[in-house]
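Please read the report below with the sequence and the 3D view side by side, and find each residue in the view as it is named.

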Amino acid sequence: MSDTRRRVKVYTLNEERQWEDRGTGHVCCSEPDSLTVTGEADGSLLLESKINPDTAYQKQQDTLIVWSEAENYDLALSFQEKAGCDEIWEKICQVQGKDPSVEITQDPVDESEEERLEEPEPGHLLELPLCEPERLEELAELVTSVLPSPVRREKLALALLTSGYIRKLLLLFRASEEAGDRQGLQHLYQIVRGLLFLNKATLFEVMFADDCIMDVVGCLEYEPALLQPKRHREFLTKTARFREVIPITDSELRQKIHQTYRVQYIQDIILPTQSVFEDNFLSTLSSFIFYNKVDIVSMLQEDEKFLTEVFAQLTDESTEDTKRRELVNFFKEFCAFSQTLQPQSRDTFFKTLANLGILPALEIVMGMDDVQVKAAATDIFSYLVEFSPSMVREFVMQEPQQADDDVLLINVVIKQMICDSDPELGGAVQLMGLLRTLIDPENMLAPASKTEKSEFLTFFYKYCMHVLTAPLLANTAEEDRDLTEGAAKVNPVCPDNFQTAQLLALILELLTFCVEHHAYHIKNYIMTRDLLRRVLTLMNSKHTFLALCALRFMRRIIGLKDEYYNRYIVKGNLIEPVINALLDNGTRYNLLNSAIIELFEFIRVEDIKSLIAHIVDNFYTALESIEYVQTFKGLKGRYEQEKERQSRGLSRYRRDARSFEDDEDMWLNEDEEEEDVPDAGLDKGKSDYGKFMESEKVKESQDKENQPKRTASGSFKFTFSHSAAAANTTNGSKPPPSTSSSRAAAPPPGQARQTGLVGLVDYPDDEDEDEEEEEEEEADEEQSPRKRPRLSS
C-alpha cells in the first residue's frame with residue numbers, strides 16, 4: 001500500500017513552458033527537511049530537493065504539489081493517490097510551520113500587491129453569478145480572469161464543486177441550443193474551455209461523467225472564431241463506433257473505455273491550441289487519461305475468460321478476415337495501453353499473453369496477405385521484443401521440433417522484411433531493428449540462462465541465416481563462366497532496382513552487426529560460403545549507398561585484425577574489387593573515395609602486414625599515381641621497412657653457415673606451425689570453417705598461370721578464378737603459402753618463383769631468376785592484346 005500511495009511522476013518546466021516528464025518513482029522524506037524520489041525502474045535518483053522555509057509550495061487537484069527552486073526552474077510531483085499527496089504535503093507544511101489545510105504555503109512572488117488584496121479571505125468561497133442566460137458573459141469573464149492566479153483557480157474550482165454549478169451549466173447549454181442562442185453558446189464555449197484549464201481532477205470527474213461528457217463536447221463545438229459549429233458529437237456517436245471483438249460483460253469496463261476514448265478525443269482533437277501547451281494548463285487531463293488506461297488494462301488482464309476467447313478466435317482458421325483484423329487491432333491497442341503499467345504489472349501482463357499463446361498467434365497473422373493485419377502484428381511483436389527478447393528467443397528455439405524452417409517465427413519476420421511492399425521499406429526497417437535486438441549478445445546475459453547466447457546463435461545460423469542472406473545471394477549470382485585464356489570470366493549481376501538496393505543495404509547492415517558481435521559464428525558462415533566475395537560484387541552497383549554498405553561490411557572485417565580473415569582476403573584476392581571501385585571513381589572527390597582511402601589508411605596505421613604485402617606486391621603500380629593522399633606511399637614504406645627488417649634477420653641466419661635449403665626448410669616449418677591454429681573453438685573441430693583451414697594447410701604452391709602477373713605497361717592481368725570453388729579446389733594445383741606469416745617461403749629448387757602472392761623477402765640468390773622471369777613477361781605482354789586499365793580481366 002505504501003508503494004502505491006507514494007508513487008509519483010516528476011515533472012520539470014522547460015524553457016518553452018512545457019512540463020517534461022522526468023520519470024516515475026517513489027517519494028520519501030530522507031531527512032526531516034528533504035524530499036527524495038527514487039526511480040522505480042532502476043533505482044536511480046530522480047529528485048533530491050531540500051524543503052526551503054521561504055519557498056512557495058502549492059497543492060493542486062489533491063494529487064499535485066508544485067514549487068519553484070530557481071527563477072526558471074519549476075518542479076511538480078504528481079501523485080497516484082491522494083493519500084500520498086496529503087502525507088508529503090503535511091511534512092512540507094510542518095517544515096514551514098503552516099497549517100496543512102492551506103493549499104499554498106507562501107504568497108506567490110509573481111503576483112502584485114493589488115492582486116493579493118483582491119484575493120478572497122481564506123475559508124470564503126468565490127461568489128459565482130447566477131446560472132442564467134443573462135449572466136453567461138459575466139461568468140465567462142470571471143473564469144478567464146482567474147486563470148493567471150493559482151489561488152483564484154483553486155477558489156473557483158471549489159465553488160463550482162460545492163454548488164453543483166457544472167450540471168446547471170450543461171442544462172443551460174441544452175436550453176440555449178434548442179433556442180438557437182448563438183451568443184450564449186459562444187459564451188458557454190469560453191466557460192467550459194476555461195473550466196478545463198483549471199486543471200482540477202475533481203472537476204474532470206464531474207465533466208466527464210456519462211451524463212455530462214457529451215454536453216461538454218457540445219459546448220466546445222461553438223468556437224466564436226468559426227462561422228459554423230464543429231460536429232464533434234456526431235463523429236463520436238455515429239462515425240466512431242465502439243466495436244467489441246468479444247462482448248464485454250463488465251459495465252464498469254465498458255464505461256471506462258468509452259470515457260477514455262472521448263477524453264482523449266477532447267485532448268487531441270478539440271483542444272490542440274498553442275496557448276494550451278505554452279501554459280501547460282492540461283497536465284492533469286493527461287494524468288486522468290493515463291490512469292484510466294491503467295485501469296482498463298488491469299481489468300482486461302484479470303478477465304482470463306475474455307482473453308482466452310480472443311486468442312481462440314484469433315487462431316481459428318474459420319475466423320473471417322474482417323473479424324481477425326479487428327482482433328489483431330484490439331491486441332495492438334491493448335499492448336499500447338500496457339505501456340502505462342508499472343514494470344512489475346507490465347511483466348505480469350506480457351507473461352499472461354505469452355502463456356495464452358500470443359507468439360504462435362503472431363506466426364499465423366504475420367504470414368497473412370492482409371497488409372493491415374501484418375502491420376498490426378508487427379507492432380505487437382515489437383512490444384514483445386522490446387519487453388523481453390529472451391522470451392521470444394526461448395519460444396523460437398523450441399520450434400524446430402514441431403515446425404519446418406519456413407514457418408519459424410523469426411523466418412516469418414525475415415520474409416516479411418524481404419517482401420515489404422512499401423517503396424520506402426518502412427516496415428522492413430522496423431523489422432530489421434527487431435531482428436538486431438534478438439541477435440544482440442548484449443541482451444543475452446540473463447543469469448537464468450547462461451548458455452542462451454551460444455544456443456540461440458547456433459540456432460539462428462542453422463535455421464535462419466540462409467533466409468536472411470537469400471536476397472543477397474540471389475542478386476549477386478554469377479553468370480555462366482566462359483573460360484578465356486585459362487581464366488574464368490565472372491560478371492556479377494548487380495541490382496538496378498532502387499527498392500531491391502535498399503533491401504540489400506538493410507541486410508548488409510545486419511550482417512555488419514553480426515561481424516562485430518558474433519565472432520566465430522559469422523566467420524564460419526562467411527568463409528564457408530565465400531560471402532565477402534558476393535558482397536563485394538555490389539561495389540559495381542550504380543547505387544552508391546549500396547556500394548558503401550558493401551565496403552562497410554569489408555571494413556568491419558578488416559577492422560577485427562583477425563589473421564584468419566586476412567588470409568581469406570589474400571587468398572581470394574578480395575582487395576581487387578575495392579581497388580577497381582577506387583579507379584572507376586576516377587578523380588571524383590566523394591564519400592566512396594573517402595571511405596576506400598580510409599580503409600587503406602587503417603591497414604597502413606595498424607600495420608596489417610599480410611594485407612600490406614598483398615596490396616603492394618599486386619596493386620602498387622596501379623596505385624602509385626594517386627598522390628593527393630600519402631596512404632599508398634605509406635603502405636609501400638611499411639612494406640619496405642618490413643622487408644629490410646626481414647633481410648637483416650636473414651643475414652644473421654646465414655652467418656650461422658646454414659645452407660639455403662636448411663633456411664628454406666626452417667621457414668616452411670615455421671609457416672606450418674603458425675598456420676596450425678586449433679579449430680576446436682570454432683565448432684568442435686568439425687565445422688566447415690575448420691575443414692576450409694585444414695585444406696589450406698595441405699596446399700603449398702599454385703600453378704604459375706593461376707597467379708596475377710605484373711605487366712610492363714603497369715596494368716594487371718589476373719588469370720585465376722576468384723570463386724570459392726577455386727579457393728578450395730583439391731586438384732593438383734597448390735596455393736602459395738599464406739602471407740600472414742612474418743616470414744615467407746622461398747620456392748623449391750627448380751620451380752619458378754610466383755609473383756601473385758610473394759613473400760616479404762626477396763632473396764639475393766633469386767635476382768637472376770627474377771630478371772629472366774621479367775623478360776619473359778615483357779615478351780608475353782608485347783604479344784598479348786592491350787588490356788583495359790581496370791584491374792580485373
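The report that follows goes through strands, helices, salt bridges, loops and surface charge in turn.

Before starting, it should be said that this is a predicted model.

## Strands

A good place to begin is strand β1, which covers residues 7-13. Seven of the seven residues in this strand are buried, so β1 is largely enclosed by the rest of the structure. In a regular strand, side chains alternate between the two faces of the sheet. For β1, Arg7, Lys9, Tyr11 and Leu13 belong to one side, while Val8, Val10 and Thr12 belong to the other, and the residues of both sides are all buried, which leaves both faces covered. The list of buried residues includes Arg7 and Lys9, as well as Thr12.

Which strand pairs with β1, and in which sense? The partner is strand β7, made of residues 73-79, and the two strands run in the antiparallel sense, with five bridges between them. Within this pairing, Thr12 of β1 stands opposite Leu75 of β7.

A second antiparallel pair, again with five bridges, is formed by strand β3 (residues 34-39) and strand β4 (residues 45-50). Two partners can be followed in the view: Ser34 is bridged to Lys50 in β4, and Leu35 has Ser49 in β4 as its bridge partner. The two strands make a hairpin, with five residues between β3 and β4, and in the turn Gly43 has a positive phi of about 75 degrees. Strand β3 is itself mostly covered, given that five of its six residues are buried.

## Helices

Helix α20, which spans residues 409-418, has eight of its ten residues buried, so this helix is largely enclosed by the rest of the structure. Its buried residues are Leu409, Ile410, Asn411, Val412, Val413, Ile414, Gln416 and Met417.

In another part of the chain, Leu160 belongs to helix α5, which covers residues 150-162. Is Leu160 buried or exposed? Its relative accessibility is 3%, and because residues under 20% are counted as buried, Leu160 is classed as buried. Leu160 and Leu126 are 34 residues apart along the chain, and their C-alpha atoms are separated by 9.0 Å.

## Salt bridges

The structure holds 27 salt bridges. The table gives three of them, with the distance between the N and O atoms of each pair.

| Residue | Partner | N to O distance |
|---|---|---|
| Lys59 | Asp86 | 2.6 Å |
| Asp379 | Lys332 | 3.2 Å |
| Asp530 | Arg533 | 2.6 Å |

The side chains of Lys59 and Asp86 meet in a salt bridge. This pair links distant parts of the chain, with Lys59 in strand β5 (residues 58-60) and Asp86 in helix α2 (residues 82-96), 27 residues apart. Both Lys59 and Asp86 are buried.

Asp379 and Lys332 also form a salt bridge. Asp379 is in helix α18 (residues 371-387) and Lys332 is in helix α15 (residues 321-338), so the pair ties together parts that are 47 residues apart in sequence. Lys332 has a relative accessible area of 34% and is therefore partly exposed.

In the salt bridge between Asp530 and Arg533, Asp530 is buried, and Arg533 is buried as well. Salt bridges with shared partners also join Lys59, Lys82 and Asp86 into one network.

## Loops with a positive phi

Two residues other than glycine are worth finding for their backbone angle. Asn199, a residue other than glycine, has a positive phi near 60 degrees, and this residue is found in the loop between α7 (182-197) and α8 (201-207). Asn199 has a relative accessibility of 5% and so counts as buried. Ala519, also a residue other than glycine, has a positive phi near 50 degrees, and its place is in the loop between α24 (498-517) and α25 (520-528).

## Charge on the surface

Which residues gather in a patch of negative charge on the surface? They are Asp250, Glu252, Glu302, Asp303 and Glu304. Of these, Glu252 lies in helix α11, which covers residues 251-270, and with 49% relative accessibility Glu252 counts as partly exposed. The term applies because partly exposed residues are those between the limits of 20% and 50%.

Definitions and conventions. Residues are numbered from 1 along each chain as its sequence is written. This is a predicted model: local features need pLDDT of at least 70, side-chain atom pairs count only at pLDDT 80 or more; totals for chains, interfaces and linings use all residues. Side-chain values use heavy atoms; hydrogens and water are left out. Patches are made of residues with over 30% relative accessible area and no salt bridge: like charges are joined within 9 Å, nonpolar side chains (Val, Leu, Ile, Met, Phe, Trp, Tyr) within 5 Å. Accessible areas come from the Shrake-Rupley method with a 1.4 Å probe; for residues, only the protein chains shown count as cover. A salt bridge is a side-chain nitrogen of Lys or Arg within 4 Å of a carboxyl oxygen of Asp or Glu. Lys and Arg count as positive and Asp and Glu as negative; His and the chain ends are not counted. The place of a charge is taken as NZ of Lys, CZ of Arg, CG of Asp or CD of Glu. Helices (H or I, at least four residues) and strands (E, at least two) are DSSP runs, numbered from the N terminus. Buried means under 20% relative accessible area, exposed over 50%, partly exposed in between (1.4 Å probe, protein chains only). Two strands pair if DSSP finds at least two bridges between them.
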